[in-house]
Amino acid sequence: MHRLTPTVRRLAAAKSSKNILISKSKRCFASASPTSWDADTNDSTNTNSLTKLFNPTDDHAALREMVRSFTEREVEPQALEYNRINNLAVNANDEQLALFMPGICDGSKIGGMCMSEPNAGTDVLGMKSNAVYDSSRDGFILNGTKMWITNGTLTGKETGDLFLVYARTGTEKRSDITQFVVEKGLEGFNVGQKITDKLGMRASPTAELVFENVFLPAKTHVVGDVNGATLCMMRNLEIER
């Protein structure tokens, strides 16, 4: 008899929870048939409609609690482990690890990863953000916009503390992408907007981040090889998904 590894057991438990959640959802939605609602519930401003929204049936309350507990148990730990620091921990050199990782690991700094853009989500290799090398300063000049960035801002005005940012650094191949560390307070690095009224994960602060001629020293802020970040990015996406 084969013994299951911890990873396989965790995935099996997650699948079981997902199946239970789907079954519960079907029952809850079936219970919310049109006959159980007043005729005036089509009016989104109707007091009766809002009362029902904030005072759910027992089935709907159970569904909400199940979604919350599933997210806390399965989604949040993975986001904490992989979305913030995994690629930095794997690909940074010893000097960068000593410089950037302690604050992220002890929670004194809020970090995130910048990949998606307003016009490059699923087609991530279509990103337009770019970084051009300046030999006179031995560093890169970063320009572009990143969208849907977790931990992008807490206040809506200031950015998070530290981000791993993907940007195009070559023109020969679509995969000519490099990863950079961008820190809060660097000139030209700002919050575009705090994204509100999301469908889900409202407790996760999400933002648009803007980079305008942000200078990044090559020695300390380039992670891994220049034009070599695509493989790192895809490996991390595989873990996240």
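**A walk through the chain, starting at a cysteine**

Cys105 has a relative accessibility of 54%, so it counts as exposed; the cut-offs are over 50% for exposed, under 20% for buried and partly exposed in between, using a 1.4 Å probe and protein chains only. Cys114 is a different story: its relative accessible area is 0%, so this one is buried. The structure has 0 disulfides, a disulfide being a pair of cysteine sulfur atoms within 2.5 Å.

Before going further, keep in mind that this is a predicted model, where local features need pLDDT of at least 70 and side-chain atom pairs count only at pLDDT 80 or more, while totals for chains, interfaces and linings use all residues. Residues are numbered from 1 along each chain as its sequence is written, and side-chain values use heavy atoms, with hydrogens and water left out.

Now the overall picture. The chain has 7 helices and 8 strands; these are DSSP runs numbered from the N terminus, H or I of at least four residues for helices and E of at least two for strands. Of the 241 residues in the chain, 39% are buried. About 14,800 Å² of the chain is exposed, and carbon and sulfur atoms supply 54% of that (Shrake-Rupley areas with a 1.4 Å probe; for residues, only the protein chains shown count as cover). Take the contacts with a separation of 6 or more, and 68% of them link residues 24 or more positions apart; a contact means heavy atoms within 4.5 Å.

Helix α5 is a good place to zoom in. α5 takes up residues 94–106, so to speak a run of 13 residues, and spans 18 Å from first C-alpha to last, close to the 18 Å expected at 1.5 Å a residue (the expected span is 1.5 Å times one less than the number of residues). At its start, a side-chain oxygen of Asn93 comes within 3.2 Å of the backbone nitrogen of Glu95. Further along, α5 has a kink of about 40° at Phe100, shortly before the proline Pro102; the bend is the angle between axes fitted to the seven residues ending at a residue and the seven starting there. After α5 comes Gly107, with a positive phi near 85°.

Which residues of α5 are buried? They are Gln96, Phe100, Met101, Gly103 and Ile104. Their cover includes the helices α4 (86–91) and α6 (218–221), along with the strands β1 (111–114), β4 (162–168), β5 (177–183) and β8 (222–223).

Strand β5 brings us to Gln179. With a relative accessibility of 1%, Gln179 counts as buried. Setting aside residues up to four places away in sequence, Gln179 touches Asn87, Asn91, Leu164, Val165, Tyr166, His221, Val222, Val223, Ala229 and Cys232. Then look at Thr230 in helix α7 (residues 229–240). Thr230 is buried as well, given its relative accessible area of 13%. With residues up to four places away again left out, Thr230 touches Leu125, Ser175 and Ile177.

Strand β3 (139–150) and the loop leading to it from β2 (130–134) are next. In that loop sits Ser135, which is exposed at a relative accessible area of 60%. The C-alpha of Ser135 is 9.8 Å from that of Ala218, though 83 residues separate them along the chain. Asp138 is in the loop between β2 and β3 too, and has a positive phi of about 50° even though it isn't a glycine. At 41% relative accessibility, Asp138 counts as partly exposed.

Within β3 you'll find Trp148, another residue other than glycine with a positive phi, near 60°. Is Trp148 buried or exposed? It is exposed, with a relative accessible area of 52%. Thr150, also in β3, is partly exposed at 34%. Neighbours within four places aside, Thr150 is in contact with Gly111, Gly112, Phe163, Ser204 and Pro205. Its C-alpha lies 6.6 Å from that of Ser204, 54 residues away along the chain.

One last stop is the loop between β5 and β6 (189–195), home to Gly185. Gly185 is exposed, at a relative accessible area of 67%. Its C-alpha is separated by 9.7 Å from that of Leu162, 23 residues away along the chain.

Key. A polar contact is a pair of N or O atoms within 3.5 Å; within protein, one must be able to donate a hydrogen and the other to accept it, and residues adjacent in sequence count only if both atoms are side-chain atoms.
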